[in-house]
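Please open the model in your viewer and keep the selection panel at hand. The tour moves from one side chain to the ligand and back again.

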Amino acid sequence: MLAITQDKPGGPESLGLTEVPDPPHGADEVLIRVTAGAVNRADLLQREGHYPVPAGASPILGMECSGTIVAVGGDVTGWQVGDEVCALLAGGGYAELVAVPSPQVLPIPAGVSLLDAAGLPEVACTVWSNVMMKGGLRSGQTLLVHGGSSGIGTMAIQVGKAAGATVIVTASRDKALESCRALGADVGINYGTDDFVEATLAATDGRGVDVILDVVGAKYLQRNISALALDGSLIVIGMMGGTRAELDLGALMGRRGSVVATALRGRPVTGPGSKGEIVAAVRDHLWPLIAAGTVRPVIDTVYPLGEAGQAHRRMAEGGHVGKIVLKMN
Ligand SMILES: NC(=O)c1ccc[n+]([C@@H]2O[C@H](COP(=O)([O-])OP(=O)(O)OC[C@H]3O[C@@H](n4cnc5c(N)ncnc54)[C@H](OP(=O)(O)O)[C@@H]3O)[C@@H](O)[C@H]2O)c1
């Protein structure tokens, strides 16, 4: 099969399309002929050699895909050759074929194209597991999403609105904030020109927000706690602003707040807290919202697989809104 490979970690120019052996599939796996994959921020770190691949995962980039099942392992139930699906991957999505454990496979939601579905699994599973399962966001509450125009952010806005919450977002460009408002965001804060804590407190009559979905990490830790409502939850899923910061426990206690940090990729396939558990919850609760048109995939750009380096440049430069998709050539 053809796949994107690298001789060694490096910049976008290190990515090349080469012929590699087809992946074997295990008894609990299906083999998918990939229609499209999608770019995630972690792919850029992995390309540079800063993101170790989980044990047993394909070294090929790509944490999600859509396509058609072409082979089914002996222990797999519920999936058949010919099924059109999308899947959460531990790796291997920048390729024509990928093997994936069957609990990580999802049907294509009604009304969504096979191409657009490529960008759904990672954001759907990350947002649902953090905002709803971990954060327990409820109707009438307020959600703050940092990086509202990102792949993650565009899904989080829509999930927050579907839950009946008020949604506040941050972004660095006014144009991106307009796109966030078009997706349902109630308040947009340009974090380059405005202090997000002041703006959040002003937007909530000084109350603060119930759930924060944060991709910045250390740089925002203290300010995020200042923006929390009583009993609020700060959920850290990214470390774009560093990993180490001092935590003021007094401030956190004053909010009766909680801080959690989670990662999806290294979770086991099955069992408590597994990818399989999250995928099942997404299928039960989020897929019907997508089928109803309440939540939709947001696609920024589609590149041919052979232009994966160009797709990485697009993400690194910023200014994209939603997902960057890689279509098989
Ligand atoms: N833990 C997990 O399981 C998990 C899973 C998936 C993704 N993630 C993380 O989620 C983040 C988004 O991923 P993605 O693939 O959707 O990437 P992406 O589309 O490139 O988004 C990155 C976003 O971060 C925003 N950002 C950067 N610095 C910021 C700051 N100081 N304040 C507010 N926003 C800031 C950017 O906003 P501007 O462009 O407006 O600056 C951009 O919207 C990444 O950090 C990724 O690693 C974590």
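Select E122 to begin: with a relative accessibility of 11% this residue counts as buried, a term that stands for under 20% relative accessible area, with exposed meaning over 50% and partly exposed in between, for a 1.4 Å probe and protein chains only. The model is a predicted one, in which local features need pLDDT of at least 70 and side-chain atom pairs count only at pLDDT 80 or more, whereas totals for chains, interfaces and linings use all residues. Residues are numbered from 1 along each chain as its sequence is written, and side-chain values use heavy atoms, with hydrogens and water left out.

E122 belongs to helix 3, residues 121–134; helices (H or I, at least four residues) and strands (E, at least two) are DSSP runs numbered from the N terminus. Now display the surroundings of E122: leaving aside residues up to four places away in sequence, E122 touches N40, M63, E64, L88 and L264, where contact means heavy atoms within 4.5 Å. A C-alpha to C-alpha distance of 9.0 Å separates E122 from G151, although the two are 29 residues apart in sequence.

Next, select T126, which is also placed in helix 3 and is buried, at a relative accessible area of 8%. Its side chain reaches the backbone oxygen of E122 at 2.7 Å, which is a polar contact, that is, a pair of N or O atoms within 3.5 Å; within protein, one must be able to donate a hydrogen and the other to accept it, and residues adjacent in sequence count only if both atoms are side-chain atoms. With residues up to four places away in sequence again left out, T126 touches I152, I237 and L264.

From L264, move to the ligand: a polar backbone atom of L264 is 2.9 Å from an oxygen atom of the ligand. A polar backbone atom of T262 lies 2.8 Å from a ligand nitrogen atom, and a backbone N or O atom of G147 is 3.4 Å from a nitrogen atom of the ligand.

Which residues of the surrounding shell are closest to the ligand? Among the 25 residues that surround the ligand, the closest are R41, S172, Y191, Y220 and H320, a residue being counted if one of its heavy atoms lies within 4 Å.

Finally, colour by domain, with bounds that come from an automatic or database domain assignment: domain 1 (2–120 + 268–327) and domain 2 (124–261) both give residues to the shell around the ligand, so the ligand lies between them.
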